[in-house]
Amino acid sequence: MKYQHIFFDLDHTLWDFTHNAKQTLAQLYEEYMLEKKTGIGFDKFYQGYAYHNERLWEAYRLHQISREELQWKRMWLALQEINYPDESLAIRMGEDFLKILPRQSQLMPGSKEILDYLKSKNYHLHILTNGFPEIQELKLQSAGIDKYFDYVITSAQAGCLKPDLQFFLYALTHTHAHPNESLMIGDDLEVDIEGARQAGMDQVYFNPPGYPETSTATYTITHLEELKQIL
């Protein structure tokens, strides 16, 4: 086999972050009676959250904000979108979100099937994630896929965030893997694909929406089942 070690991103690649986050936020929106208080439906709040969450994660990756700021500010900015800029509520929602979210279990289509397939082929499977360690471990357990992975490497362990080269070098060293026998699978062209490329690893760009092809990744797939054509 050309590859021995398969590295997966977690959110949006195996674990369906979009679905699970939306379910969690809908629950909080109802519990805090925000539609009753504002007269505005959940969809407006969620659209604001999705926009600000992506922007704030980018700021977090660039070390412009702290983890704590990310947690509450994405809620506060989303509340502003529904004309309810309550900072204390945003802090509570941020805390509640991280308690409920990792207990959600929706996976991307084909996740367990492809993990079973890869395990049957005796590949070494690992997770590389920028997510918070305790949250990511609970996600894996709740979704029933923790058993598949030899190592779960987080940014806290590596001391830096993807796509920093040092993150990938740490992962390779920690898992006793060589770049030329390793394959990185992820949904983010900069964070996963370019980061892995810099470390000398081949990459699979996971592109389920079928965005226009702008990737120079080694491989591009739209469904995890397509990994069987590569591995």
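Here are a few friendly notes on this predicted model, covering its sheet and its nonpolar cores.

1. A good place to start is the sheet. Its 6 strands follow the order S3-S2-S1-S4-S5-S6, and the sheet is open with parallel pairing. As general background, strands of a sheet pair through backbone hydrogen bonds, in either a parallel or an antiparallel way.

2. Next, look at the two ends of that order. Strand S3 (151–154) and strand S6 (219–221) are the edge strands, each pairing on one side only. On average, neighbouring strands of the sheet are turned by 20 degrees against each other, direction ignored.

3. Now zoom in on one pair. Strand S4 (residues 182–186) runs parallel to strand S5 (residues 202–206), and 4 bridges link them. Within this part of the sheet, Gly186 has Tyr205 of S5 standing opposite.

4. The same two strands have a helix for company. Helix H10 (residues 189–198) lies across S4 and S5, and runs at about 165 degrees to S5.

5. Turning to the nonpolar cores, the largest has 62 residues, and the members touching the most others are Phe8, Phe45 and Phe149. Helix H3 (residues 42–61) is the element that gives the most to this core, contributing 8 residues.

6. Phe45 deserves a closer look. Setting aside neighbours within four places in sequence, Phe45 is in contact with Leu25, Tyr29, Met75, Ala78, Leu79, Ile82 and Met93.

7. Finally, do not miss the second core, which is separate and has 14 residues. Its members include Leu128, Ile153, Leu172 and Met184.

Conventions
Residues are numbered from 1 along each chain as its sequence is written. This is a predicted model: local features need pLDDT of at least 70, side-chain atom pairs count only at pLDDT 80 or more; totals for chains, interfaces and linings use all residues. Side-chain values use heavy atoms; hydrogens and water are left out. Two strands pair if DSSP finds at least two bridges between them. Axes are lines fitted to C-alpha atoms, for helices over the stretch in contact, and angles run from 0 to 180 degrees between N-to-C directions. Contact means heavy atoms within 4.5 Å. A nonpolar core is a set of buried Ala, Val, Leu, Ile, Met, Phe, Trp, Tyr and Cys residues joined through side-chain atoms within 4.5 Å. Buried means under 20% relative accessible area, exposed over 50%, partly exposed in between (1.4 Å probe, protein chains only).
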